Amino acid sequence: MTVKKILLYPNPLLLQESAKIEKFDESLVRLSRDLIDTMYDADGVGLAAPQIGINKRIFVMDCSREDEEKDCRIVINPEIKYRSEEFGSYKEGCLSIPGITEEISRPKVIKVVYQGIDGVFQRNTYEDLWSTCFQHEFDHLNGKLFIDHLRPMKKILVKNKMKKSLKKEKRE
Ligand code: CO
């Protein structure tokens with residue numbers, strides 16, 4: 001089990017576009033395991049490779065409820081093919097922006113295509129929390145964070161709060 005360090009905003013690696021994965025080899029399997037271990041260790045529902053400093057298009061997610069079995073999905077080179085006109089909103093947080101949660105509205109249903117760890121293409125439809133989580137992690141692969149969905153004034157407030165808490169952390 002390898003729990004990696006999670007990078008915090010505004011680390012520049014979080015703000016970059018990640019590269020498509022071409023090789024489905026043993027090192028990719030190791031990367032997916034590191035992502036899964038790190039996500040569960042941090043009690044997260046999703047984690048994207050750039051958050052552990054690797055700018056590749058892979059993320060993991062598990063939005064199963066506590067009373068359900070674990071259901072971890074490994075998502076590689078994802079594309080969103082359809083976004084519903086209906087929106088849903090959830091209070092989102094991010095392991096890279098600790099201590100901040102904000103209500104974010106996103107398409108309620110999405111249809112997606114991605115590759116699994118074996119490179120095989122999969123189609124899937126996600127709704128509600130799974131849809132939100134998928135879109136949040138997908139954004140990470142494009143260097144986008146959930147606070148980028150906030151109105152400009154609100155985003156400045158959140159950024160300042162984040163800067164303050166980082167300074168406090170350094171002092172402690
Ligand atoms: Co995040």
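**Group meeting: core, strands and cobalt site of a predicted model**

The largest nonpolar core has 15 residues, and those touching the most other members are Phe 59, Met 61, Val 112, Tyr 126 and Phe 134. Please keep in mind that this is a predicted model. Four elements, β2, β3, β6 and α2, each give the core at least two residues. Helix α2 supplies the largest share, with 5 residues. As background, nonpolar side chains in soluble globular proteins tend to be buried together.

Let me stay with Phe 59 for a moment. What does Phe 59 contact, once neighbours within four places in sequence are set aside? The list is Leu 47, Ala 48, Arg 73, Ile 74, Val 75, Pro 78, Phe 134, Glu 137, Phe 138 and Leu 141. Phe 134, one of these contacts, is also among the core residues that touch the most other members.

Now the strands. β2 and β3 run antiparallel and are joined by 4 bridges. In that pairing, Ile 58 has Ile 76 of β3 as its bridge partner. β3 also pairs with β6, again in the antiparallel sense, over 5 bridges. There, Arg 83 is matched with Ile 110 in β6. β6, residues 109-115, then pairs with β7, residues 121-127, antiparallel and over 7 bridges. Val 113 sits opposite Arg 123 of β7. The hairpin of β6 and β7 has 5 residues between the strands, and in it Gly 119 adopts a positive phi near 85 degrees.

Next, helix α1. This helix covers residues 26-41, which is 16 residues, and from first C-alpha to last it reaches 22 Å, close to the 22 Å expected at 1.5 Å a residue. Its buried residues are Leu 28, Leu 31, Ser 32, Asp 34, Leu 35, Ile 36, Asp 37, Thr 38 and Met 39. What do they pack against? They pack against β1 (46-48), β2 (58-61) and β3 (73-83). Just after α1 comes Asp 43, with a positive phi of about 60 degrees.

On to the metal. Which residues coordinate the cobalt ion? They are Cys 94 through SG, His 136 through NE2 and His 140 through NE2, at 2.1 to 2.3 Å. Along the chain, these donors follow the spacing C-x41-H-x3-H. Cys 94 and His 136 link distant parts of the chain, 42 residues apart: Cys 94 is in the loop between β4 (87-92) and β5 (102-107), and His 136 is in helix α2, residues 128-141. Are these two donors buried or exposed? Cys 94 has a relative accessible area of 9%, so it is buried. His 136 is at 7% relative accessibility, and therefore counts as buried.

Helix α2 also holds Thr 132. At 5% relative accessibility, Thr 132 counts as buried too. Leaving out neighbours within four places in sequence, Thr 132 is in contact with Tyr 90, Glu 92 and Arg 106.

Last, the cysteines. How many disulfides does a search of the whole structure find? It finds 0. Why is Cys 63 not in one? The closest cysteine sulfur to that of Cys 63 is in Cys 133, at 3.6 Å, which is too far for a bond; the cut-off for a disulfide is 2.5 Å between the sulfur atoms. Cys 63 is at 7% relative accessibility, so it counts as buried.

Notes. Residues are numbered from 1 along each chain as its sequence is written. This is a predicted model: local features need pLDDT of at least 70, side-chain atom pairs count only at pLDDT 80 or more; totals for chains, interfaces and linings use all residues. Side-chain values use heavy atoms; hydrogens and water are left out. Donors are N, O and S atoms within 2.8 Å of the metal (3.2 Å for Na, K and Ca); water is not among the atoms, so sites may look incomplete. Buried means under 20% relative accessible area, exposed over 50%, partly exposed in between (1.4 Å probe, protein chains only). The expected span of a helix is 1.5 Å times one less than its number of residues. Contact means heavy atoms within 4.5 Å. Two strands pair if DSSP finds at least two bridges between them. A nonpolar core is a set of buried Ala, Val, Leu, Ile, Met, Phe, Trp, Tyr and Cys residues joined through side-chain atoms within 4.5 Å.
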